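User: Please take a close look at one part of this model. Start with one residue, then show me what surrounds that part and how far I can trust it.

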Amino acid sequence: MFKILRNESVSALIVTLLMLIMLSFIGIASITTSVRDMDIAKNTTDRTDAFYVAEAGLELAYATLKNNASIIGNDTLLGLMSAYTTMPNGSFNISLQGVMVGTIPYKTVTSLGNASDGQAAVQVVMKRRRSSLNIWNNVMFAGSGQQGKAILGNVAYH
């Protein structure tokens, strides 16, 4: 009888050790998955930050091109933008290329954003008019006068 108890305790020990080994593998697998998920989340955050920084560069280029309609040279325009390329969460680098299609100047603006370990590039083509920024380009009409029609009666400008 003593021998039977001893065999049962040995089998219980082996089963317990196998269960502990399986639980250890499950724990190691879950830790590995969690670490990988955290790395993916950090990479996504870095790329998203870089994308937003690149978009900020495009907005700066848009404002510079709109407010300096008489300036055509790419180097001069880039000089106006160069002081504003660093932001709290990253930096961007803008490049300009220009072509004339008929009498309309087109600018291809590429903004490359860098944030931590992330990098993103955004590119747009802008059509420029050679007119300065003025209030009439940004006014909303209430009443008659839209789409080139004559203004008749009371019109509110907002």
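Analyst: **Helix 1 and its surroundings**

A63 lies in helix 1, which covers residues 2-67. Helices here are DSSP runs of H or I with at least four residues, strands are runs of E with at least two, and both are numbered from the N terminus. This is a predicted model, where local features need pLDDT of at least 70, side-chain atom pairs count only at pLDDT 80 or more, and totals for chains, interfaces and linings use all residues. Residues are numbered from 1 along each chain as its sequence is written, and side-chain values use heavy atoms, with hydrogens and water left out.

How exposed is A63? Its relative accessible area is 31%, so A63 counts as partly exposed. The cut-offs are simple: buried is under 20% relative accessible area, exposed is over 50%, and partly exposed is in between, with a 1.4 Å probe and protein chains only. Now look along the chain. M81 is 18 residues away from A63, and their C-alpha atoms are 9.7 Å apart.

Next, the whole chain. The protein has two helices and six strands. Their order from the N terminus is α-α-β-β-β-β-β-β. It has 158 residues, and 19% of them count as buried. The accessible surface is about 11,600 Å², with 62% of it on carbon and sulfur atoms. Such areas come from the Shrake-Rupley method with a 1.4 Å probe, and for residues only the protein chains shown count as cover. Take contacts (heavy atoms within 4.5 Å). Among those between residues at least 6 apart in sequence, 44% join residues at least 24 apart.

Back to helix 1. D46 lies in it too. D46 has a relative accessible area of 6%, so it is buried. What does D46 touch, beyond neighbours within four places in sequence? Its contacts are A115, S116, D117 and G118.

One of these, S116, sits in the loop between strand 3 and strand 4. S116 is exposed, because its relative accessible area is 67%. Its phi is near 50°, a positive value in a residue other than glycine. Most residues other than glycine have a negative phi.

S111 belongs to strand 3, residues 104-115. With a relative accessible area of 0%, S111 is buried. Its side chain reaches the backbone oxygen of A54 at 2.8 Å. Leaving out residues up to four places away in sequence, S111 touches A54, G57, L58, F92, N93, I94, A120, A121 and V122.

I94 is on that list. Beyond its own neighbours within four places, I94 contacts G57, L60, A61, L78, M81, V109, T110 and S111. I94 is also part of the largest nonpolar core, which has 14 residues. Such a core is a set of buried Ala, Val, Leu, Ile, Met, Phe, Trp, Tyr and Cys residues joined through side-chain atoms within 4.5 Å. M81, I94 and V109 touch the most other members of this core. Helix 1, helix 2 (74-81), strand 2 (90-101) and strand 4 (118-127) each supply at least two of its residues. Helix 1 gives the most, six residues.

Aromatic rings come next. Rings of Phe, Tyr and Trp (its six-membered ring) pair if their centres lie within 6.5 Å; planes under 30 degrees apart are stacked, over 60 edge-to-face, and the rest tilted. By this rule there is one aromatic pair. F51 and Y52 form it: the pair is tilted, with 5.9 Å between centres and 55° between planes. F51 is partly exposed, because its relative accessibility is 33%.

After helix 1 comes a loop to helix 2, and I72 is in it. I72 has a relative accessible area of 34%, so it is partly exposed. R128 is 56 residues away along the chain from I72, and their C-alpha atoms are 9.8 Å apart.

How far can you trust this? Use pLDDT, the predictor's confidence in each residue, from 0 to 100. The mean for the protein is 79, and 77% of its residues reach 70 or more. Among the elements, helix 1 has the highest mean, 88, and strand 5 (residues 141-142) the lowest, 52. Where pLDDT is low, the predicted coordinates should not be read in detail.

Methods: Polar contact = N/O pair within 3.5 Å; in protein donor to acceptor, adjacent residues only side chain to side chain.
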